[in-house]
Amino acid sequence: MLPEWLLQHEATIEPYLGDGAYGPVWGAAVTVRCLVDDERRLVRDEQGLEVVSDTTIFFPPGTVCPAGSRVTVNDRSITAITAFNRDAGLLPVPAHVEVVCR
């Protein structure tokens with residue numbers, strides 16, 4: 001698990017549930033402590049296409065943030081491209097959920 005002292009930010013996640021008759025539908029907002037890294041990098045989305053991510057957010061294990069979720073952090077709203085569960089297994093490194101956003 002990520003050490004508490006690393007979790008210097010708070011993010012509000014509205015999980016993407018799908019498309020409705022009037023556009024995207026998001027679930028109830030959940031606020032989670034996290035670590036935000038504002039770095040532009042090339043990543044692959046869920047369809048395998050290369051897209052540019054402007055922000056990477058590190059959450060505690062078990063955080064749910066599917067692709068398309070609306071994330072509000074540092075007074076700005078961004079969209080989750082994809083999420084990776086980083087389970088360290090028996091290694092002495094912290095397990096976490098890494099969410100890349102645009």
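A salt bridge is taken here as a side-chain nitrogen of Lys or Arg within 4 Å of a carboxyl oxygen of Asp or Glu. The structure is a predicted model.

**Salt bridges**

D38 and R76 meet this criterion, with their closest N and O atoms 2.5 Å apart. The two residues belong to distant parts of the chain, D38 in the loop between β4 and β5 (41–44) and R76 in strand β9 (residues 76–86), with their positions 38 residues apart in sequence. D38 is partly exposed, at a relative accessible area of 48%, and R76 is also partly exposed, at 29%.

A search of the whole structure gives seven salt bridges. Three pairs, including the one just described, are listed below with the distance between their closest N and O atoms.

| Acidic residue | Basic residue | Closest N and O atoms |
|---|---|---|
| E4 | R33 | 3.1 Å |
| D38 | R76 | 2.5 Å |
| E50 | R44 | 3.4 Å |

The E4 and R33 salt bridge has its closest N and O atoms 3.1 Å apart. E4 lies in the segment before β1 (9–14) and R33 in strand β4 (residues 30–37), so this pair ties together parts that are 29 residues apart in sequence. E4 has a relative accessible area of 47% and is partly exposed; R33 is partly exposed too, with 38% relative accessibility.

R44 forms its salt bridge with E50 at 3.4 Å between the closest N and O atoms. Separately, R41, R86 and E98 are joined into one network by salt bridges that share partners.

**Strands β2 and β3**

Strand β2 (residues 16–20) and strand β3 (residues 23–26) run antiparallel and are joined by four bridges. One of the bridge pairs is G20 with G23, the latter in β3. The connection from β2 to β3 is a hairpin of two residues.

**Surroundings of S53**

S53 sits in strand β6 (residues 50–53). Is S53 buried or exposed? With a relative accessible area of 0%, S53 is buried, since the cut-off for that class is under 20%.

The side chain of S53 makes polar approaches to two backbone oxygens. A polar atom of this side chain lies 3.2 Å from the backbone oxygen of T55, and the side chain reaches the backbone oxygen of C101 at 3.1 Å. C101 also appears among the residues in contact with S53 when neighbours within four places in sequence are left aside. The others in that set are E39, R40, R41, V43, I81 and V100. Of these, R41 belongs to the salt-bridge network with R86 and E98.

Notes: Residues numbered from 1 in each chain as written. Predicted model: local features only at pLDDT ≥ 70, side-chain atom pairs only at ≥ 80, totals over all residues. Heavy atoms only, no water. Buried < 20%, exposed > 50% of the residue type's maximum accessible area, 1.4 Å probe, protein only. Pairing = 2+ DSSP bridges. Polar contact = N/O pair within 3.5 Å; in protein donor to acceptor, adjacent residues only side chain to side chain. Contact = heavy atoms within 4.5 Å.
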